[in-house]
Structure formats: structure tokens, C-alpha cells
Amino acid sequence: GAGAGAVTLASGARAVARATGPGPRDTLVVVFLRGGLDGLSLVVPSADGDYYAQRPATAVPQADTIDLDGFFGLNRATAPLHPLFSSGRLAFVHTCGFPHPTRSHFEAMRRIEEAEASGGPVGSGWLARHLDATSPVGSSGRAIAVDRTLPTSLQGGPATLPIPRMDEFRYGGPVATRAARVARLDAMYRAASEPDRGGGLTAQALLATFASIDFAGRVPAGGAVYPPGTFGAGLYEAATLIKSGVGMEAIEVDLGGWDDHSHTGPVSGDFAVRSAELADGLAAFLADLEGDADRTTVLVHSEFGRRVDENGSGGSDHGRAGVAMVLGGTHVHGARDAPARRRRAARAHRSARRDRRDPRRPSAHARRRVSPARARADAAWPRAVATGRRIPVSGTSRRGCSGSPERARIRRASPRRV
């Protein structure tokens, strides 16, 4: 439903790797919604009465949704996304996650960003491994995180840097001595050992490249208006970098604050405001890219979803899988949604609400009514977990987590309002 099945997350990753040698290649833009997105408040199962029964106070009313396919509706706070879906440039991918139940944001983020669902730490990110397995396109950097630190997905990758503000990434100091200082830095980094050598030389190459790009003065194309704040600014700079044609292969722009344990406000509260910022930013980004959108793939995902039933604080607790989005140009085919795909998405949603208890602590009633064979089948049910260059894909959307000792850090990861 709503584009589910039209584009998988794994195919979204492959879109950036269609050319593995030097030459034109897509840019992959990853938007990580940190905190655990409540996908049921974003892409609403508005034709399902049980959704409203389980969320009497926090469900999004049908009147506040825009119909997608007769079963799912889009939260009106994200109305700018609807034309993208209707034109086939946006796909919603349901029940995305991994089968390991965890209560920790940070463990879930690590597993998602390393593309390792069942084992221990890999030591490198999935996107870093993709870059390491392909030839570079440009002569400077290959990937940038619009942040102060490098996300796990890019750790261990070649020629990758975190840059929180691209318009401020430049040499300081007197112009008269700049050439001598640059030469001294170059000599110092070339004599250093890894990882200092690679990081320093990448930074110097990007500094030279960025000097010719007008990050501050460029007027967005296509009538694009970015939302205020760091998220909108990051997408604007990402579009500027892509349109410059320097060959940047991957860019990550995060949007935090999605840990809605209380007072979610999916229609007029915090969730709606945050969702509108997300939708406004993505719509402006694709409008600004114009023709460059056909060589850009945008992946939007979170570390896990939320439970189907609301809690006593007007929010929802940690769940398992959730909804992801793939956006771009004509290569996405998001609205080509056959009836069979709609039925599969509806079944996935029904499976989520059937398993609202923690699967590791079933009730006595559940133990009586579930056969051993059914229990084994449920435990083994999704096996489609990607490794290596792939992004983790389908998992169950079952309820399984509560509590969040990490909420303070997730809130700190939220974008500043300006």
C-alpha cells in the first residue's frame, strides 16, 4: 500500500551504485529521523477501525489525512509530500527494520547504520562499505555528514567528513599568509599516518572545492522555500553541492526529536510541527534540484517504529519496524501501486496490531492460543535482513519495547529552532 513494494530500501541503495566505475553516478542523500518515528501518525491506516480503537486520544482523524490508496492516508501536516507521491517520485516502504528486539535507541541506530541485524558491532557503516567497494567519481571528498560528528553509517569510509555548515567551511586568517599555511598543512598531513593523513588531505581537497561554490548566496530554483532551522539549511547546502557537479556521492542530513513518549500531537502538536518541517524540507529539496533529481536518491528512515496502542501519556512507546521513504526523480516509480501491493501492506499492518504485547513476555492467554508451530514461524518471520552494501529491509512491525533511558540524548539531537 502507498507505494510499498514499488521500491525497496535495498533497491534505493542500489540506485546510487548503478555505475561502479568512474563516471556519472547518483548521489544518495540519507535523512535519519533519530528518536523512533511514529510511522502510523505519518502514513495513517485511516481505513482501519482497529487503529482508532487502539489510539482513542492520539489517532489522526480521517478528516486530517489525504488519501493515498484507499487504506493509507497521509497526515495533512505533510501535505507537500502528496504531489510527490502522486507523480511517482515518492514511495512509502512499510515494516522496515530488523528482527532483533531492543529497547535502546543507540543499539538500534548502530544495527541500522552498520546493516548488521543479528551479530555484534561490525566496525564500519553500510554506506562506508559501499564507498569502499566503488571507485571515486570526483577528485575531492566522497561523502559528507551535515553534522559535527560522523554518523555510524559513514564511519570507516574513504574521503568522508562531517561538516555542520558548508558555508563556514573555509580557511581563516590573513589572506596574505594563506598559501604558505595551506602548503605547511599539506606537507604535515602527507607525512602523517592514517587516519590523520586521509582525513587531513580530504579536508584540504574539500576546502579547495568549496571555495568555488556559493553556498550563502545561491537562490533556490523551482520556487523552493526551505523551512527555517538546521534541517532546512542542511538540505539547501546539500542541494547546492549536488547542483555544483563536484561528484559528491553521499550526504547525510539528520532530523532528531522523534521520541514521542508523551503528548505526541499528531494533528496540531509537536509531531505535526516536526512532520511539517520534514515535508517542507523534502519538497523544497526536490524542487530545488530540478533536473538533478533524476540522479539523486533520498532515503528517509528511523531506527525503529512505535507501538500500535497509545500509552497513558498521550504518546506511544518503542516498537519494532516502521515506515521509510524513498524519494527522487523518475527512477523511483513510487505511485505504481498494484492492488496486490496494497494487500501486502494491509496484511503487514494487521500483523503489527495482532502482536501488541512484548513477544518475549507473552501473556498466559497468548501462550494458550498460539501453537508451537505458529510461535516458531512468528519468531523466524522476517529473514530479509540485509548485510554488506544493502540497507536493512523488512522486519515485523510488532510491539516490543518500552522505556527510554536515552531520551535526553535524542532530545539533544533535535534541530535548533531559529
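In this predicted model, Glu249 has a relative accessibility of 3% and therefore counts as buried, the limit being under 20%. The side chain of Glu249 meets that of Arg142 in a salt bridge, with an N to O distance of 2.8 Å. Glu249 is located in the loop between α9 and β8, and Arg142 in the loop between α6 (126-132) and β6 (143-145), so the salt bridge ties together parts that are 107 residues apart in sequence. Arg142 is likewise buried, at a relative accessible area of 6%. Side chains of opposite charge can pair when their charged atoms come close.

The search of the whole structure returned 15 salt bridges. One of them joins Arg34 to Asp254, whose closest N and O atoms are 2.6 Å apart. This pair also links distant parts of the chain: Arg34 belongs to strand β1, whereas Asp254 lies in the loop between β8 (250-252) and β9 (255-256), and the two are 220 residues apart. Arg34 is buried, with a relative accessibility of 11%, while Asp254, at 22%, is partly exposed. In the salt bridge between Arg165 and Glu168, the closest N and O atoms are 3.9 Å apart. Both partners are partly exposed, Arg165 having a relative accessible area of 38% and Glu168 a relative accessibility of 49%. Through shared partners, salt bridges join Arg34, Glu113, Glu252 and Asp254 into one network.

At the level of the whole chain, 14 helices and 11 strands are assigned. The chain has 418 residues, of which 53% count as buried. The exposed area is about 17,500 Å², and carbon and sulfur atoms supply 53% of that area. Of the contacts between residues at least 6 apart in sequence, 73% join residues at least 24 apart.

In soluble globular proteins, nonpolar side chains tend to be buried together. In the present model the largest nonpolar core holds 54 residues, and the members that touch the most other members are Leu278, Phe285, Met325 and Leu327. At least two core residues come from each of the helices α4 (82-86), α8 (196-210), α9 (230-244) and α10 (270-289), and from each of the strands β1 (27-34), β5 (90-96), β10 (296-302) and β11 (322-328). The largest share, eight residues, is supplied by α10. A second core, separate from this one, consists of 15 residues, including Trp126, Leu127, Ala143 and Leu154.

Strand β11 is mostly covered, with seven of its seven residues buried. β11 runs antiparallel to β5, to which five bridges join it; in this pairing Cys96 stands opposite Gly322. β11 also runs antiparallel to β10, here with four bridges, and Val298 stands opposite Leu327. When residues up to four places away in sequence are set aside, Leu327 touches Leu81, Leu84, Arg89, Leu90, Leu282, Leu286, Thr296, Thr297, Val298, Val300 and Val332.

Two further buried residues were examined for local polar contacts. Thr65 is part of strand β3 (residues 65-67) and is buried, with a relative accessible area of 8%. A polar atom of the Thr65 side chain lies 2.8 Å from the backbone oxygen of Gln62. Apart from neighbours within four places in sequence, Thr65 is in contact with Val44, Ser46, Val60, Gly73, Leu74 and Arg76.

Asp48 occupies the loop between β2 (43-44) and α3 (49-54). Its relative accessibility is 6%, so Asp48 counts as buried under the 20% limit. The side chain of Asp48 reaches the backbone nitrogen of Asp50 at a distance of 2.9 Å. Asp48 and Phe72 are 24 residues apart in sequence, and their C-alpha atoms are 8.7 Å apart in space.

How values were computed. Residues are numbered from 1 along each chain as its sequence is written. This is a predicted model: local features need pLDDT of at least 70, side-chain atom pairs count only at pLDDT 80 or more; totals for chains, interfaces and linings use all residues. Side-chain values use heavy atoms; hydrogens and water are left out. Buried means under 20% relative accessible area, exposed over 50%, partly exposed in between (1.4 Å probe, protein chains only). Contact means heavy atoms within 4.5 Å. Accessible areas come from the Shrake-Rupley method with a 1.4 Å probe; for residues, only the protein chains shown count as cover. A nonpolar core is a set of buried Ala, Val, Leu, Ile, Met, Phe, Trp, Tyr and Cys residues joined through side-chain atoms within 4.5 Å. Two strands pair if DSSP finds at least two bridges between them. A salt bridge is a side-chain nitrogen of Lys or Arg within 4 Å of a carboxyl oxygen of Asp or Glu. A polar contact is a pair of N or O atoms within 3.5 Å; within protein, one must be able to donate a hydrogen and the other to accept it, and residues adjacent in sequence count only if both atoms are side-chain atoms.
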